[in-house]
Structure formats: structure tokens, C-alpha cells
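I am opening a notebook on this structure. I will write down what I look up, entry by entry.

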Amino acid sequence: MPVFSMPRTRTLASSGGSASYTSPVAPAPDLRDLLKLKEQALQLALAEARARFSHAGNKGDDVEAAVRTFLVDQLPKRLSVGQGEVIDSLGHRSRQCDVVIADDQHPFASDPDRPALFFVETVVAGGEVKSVMTTSALDDTIEKAKMFKSLSRTATGGDLAISPGDPSQDRYLTCPAYFGVALETNASPQTLTMRLADDDVSRGNDPIALDALFILGRGIAVNLGDGSGTLRAVTESGLVGQGWVWTDSDTVLADFLVWLASVERRFIRARSPIVNYLAPFMLGRQLFFPRGLPPQSGSPEQSVTLAQPPAPG
């Protein structure tokens, strides 16, 4: 029977090449009971929303806020949790994300309860929250994931990316992960995973859209891709699973946190990503040098405008 495993090798990739190192794997403290209580608290949030609101949109807002609050409480302080749209420097834009997790290089403070705009280079993951994951809700989540995966990170010379494997095959270096979370479902795990698998087959050469699905009290579905990622499904004989896989779980939130940690990619950047987005507002302006420009032989007088700074490296 296949079981999840995690490789111990990490790869550092930069314009100058790559290097690998192996890290020890130590058993984590037993947080099972604590996380089960957290999961029960989220399920209670759904029950409270049902009791307070008759409109489905109001219920959804309450559940989304409960998920964001859980993440704020559990994730490292270097990460921020918000909601809103994500853009890239090529002009692509995601649809509204119920959850956006950003790293400490995101230049603007975000309020978890107010929509904001995020740069894809600073995003760890985005996601959709559903009170009930019906098949139509799953289709909606997949479509939002496809829009999200049209985004692409832009790297500049001197940037360093840390990957658990071959950087050229790491889908999370190009675009952050996208997930779905639901407090319950009226569909069977088989129905959900078959729908996910069918969509995966039909995508052709398009990027993997939805990366994982978490149903509280039921289990999780994870897209393993080609099987070379941080989370892997391996049999006793060494066969590696690919594509979508489902596992029952009574600690879905613990699984969620492990998965988030496995898909986060760390970057050491030569300059802030904000330059790629805000520098164009400065380009083309007329400049005045009080002492004039250095003389250049044979160069006629010309108008001077601000130019894009060269990439470091």
C-alpha cells in the first residue's frame, strides 16, 4: 500500500548553478489532540454561521474568516494571511482568493478581513474556502485555480531559489500552490477525486491547477504531479505514485499545515519585487541635472528620461 514520504535532500538554485544538502528528519511533538480541537472549532464556526445567517454568502464569509484566523494563529509570523487578488508583472490577475498567504517580502500590510492586492513573487499559496464542497463547488474551485496558475513569478539576476529537487521541474517555483478547503461535503471521496483526476487528464500541457483539497472530518486529496515533489506516495517495493491521491484523515488541519510547509518555496532576492511593479510609473519622466550631464564626445544635446535600472548580478 502506498504511504506518504518526504525526501531529505534540498537543492539551492541560482544563476551560478546549484548545490544540494541533506537535512535530518526528527519526529515532531505530538500535536494531534490540539489540532483536532482546532478542527472542531472550525466545524463549530460553520454551525454558528448556519444559526446566525440564512443567506449562503453570509455563511461563507464567516467560514472564510474562521479559516484565515486559524492560519494567522498557526503559521510562522514571517507569513501574513489575507484575501484578495494576486497579480504578476506580465499583467495577469487571479480571481478573488478567499485566502492568500504571503511572505515577509510582500511590501504592503494586509488586513485578513479586507481584500488586498498581492504580488505573485511574494505569495506562498492561495486558496478557496467552501462551507460545503459540492461537485459544482469543486468545479468553481478548479476554475479559480486555473486563473491563479496563469500567474508567473519573475526572477531577476542574483535571485536564489531553494527547491527540494530539480528546480527546472519544480512547479511551485514558477507559480505558488492553490488549494481548496471545505468544512464538509455531500459527495463521496471517490466522486471528488475522480472529478479531479478527469480534469487533470484533460488539462493537456497546461499547468496543474488545483494542488490539494482538504475536507474537515473526512480527508485530503493531493496532486502529486510526476511524483518528484516534497510529498510523495511510495509503495514498499519503491513504486512512486503520480497524479491525484486521496487519504482519509481525522487530523485534516495538521495535514493542511504539513502540505503548506511542503509547497512553500523560499527565495533570497537581490532586490524587492516591488521594483518590477512600481518602476514603470517612474519611467519616461523628464529629468533635470543641476550640473548637467558628463560631456560625451560627438553626442548632440538630447532629452533625458528615467530608464529601467539594470538587473543586479
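How many nonpolar, polar and charged residues does the lining of the second largest cavity have? The model I am reading is a predicted one. I counted 1 nonpolar, 4 polar and 4 charged residues in that lining.

Entry on the second largest cavity. I looked up its volume, which is about 50 Å³. I then listed its lining residues: Glu121, Thr154, Thr156, Asp159, Arg269, Arg271, Ser272, Pro273 and Asn276.

Entry on the cavity search. I searched the whole structure and noted 2 cavities of 30 Å³ or more. The largest cavity has a volume of about 60 Å³. Its lining consists of Ile142, Leu196, Asp199, Asp200, Arg203, Ile208, Ala209, Leu210, Asn223 and Trp244. I sorted these by class and got 6 nonpolar, 1 polar and 3 charged residues. Helix H5, residues 189–202, supplies the largest share of this lining, with 3 residues.

Entry on the nonpolar cores. I noted beforehand that nonpolar side chains tend to be buried together in soluble globular proteins. Here the largest nonpolar core has 37 residues. I looked for the residues with the most contacts inside this core and found Leu71, Phe179, Phe214, Phe256, Trp259 and Leu260. Next I asked which elements give two or more residues to the core. They are the helices H1 (32–52), H2 (56–74) and H6 (252–263), together with the strands S5 (97–102), S7 (123–132), S9 (177–184), S10 (212–215) and S11 (219–223). H6 gives the largest share, 8 residues. Apart from this core I recorded another, of 29 residues, with Cys97, Phe119, Ala182 and Tyr277 among them.

Entry on Phe179. Leaving out residues up to four places away in sequence, I found that Phe179 touches Val99, Ala125, Gly126, Gly127, Glu128, Leu210, Ala212, Phe214, Phe256, Trp259 and Leu260. One of these, Gly127, is also the bridge partner of Phe179, which lies in S9.

Entry on strand S7. Which strands pair with S7, and in which sense? S5 and S7 pair in the antiparallel sense over 4 bridges, while S7 and S9 pair in the parallel sense over 7 bridges. On the S5 pairing I noted that Val100 stands opposite Gly126 in S7. I also checked how far S7 is covered, and 9 of its 10 residues are buried.

Methods:
Residues are numbered from 1 along each chain as its sequence is written. This is a predicted model: local features need pLDDT of at least 70, side-chain atom pairs count only at pLDDT 80 or more; totals for chains, interfaces and linings use all residues. Side-chain values use heavy atoms; hydrogens and water are left out. A nonpolar core is a set of buried Ala, Val, Leu, Ile, Met, Phe, Trp, Tyr and Cys residues joined through side-chain atoms within 4.5 Å. Buried means under 20% relative accessible area, exposed over 50%, partly exposed in between (1.4 Å probe, protein chains only). Contact means heavy atoms within 4.5 Å. Two strands pair if DSSP finds at least two bridges between them. On a 1 Å grid over the protein atoms alone, a cavity is a set of points where a 1.4 Å probe fits but cannot get out, and a pocket is an open set with protein on both sides within 12 Å along at least five of seven lines; lining residues have an atom within 4 Å of a point. Grid points are joined across faces, edges and corners, and a volume is the space filled by probe spheres set on the points. Ala, Val, Leu, Ile, Met, Phe, Trp, Tyr, Cys and Pro count as nonpolar, Asp, Glu, Lys and Arg as charged, and the others, Gly among them, as polar.
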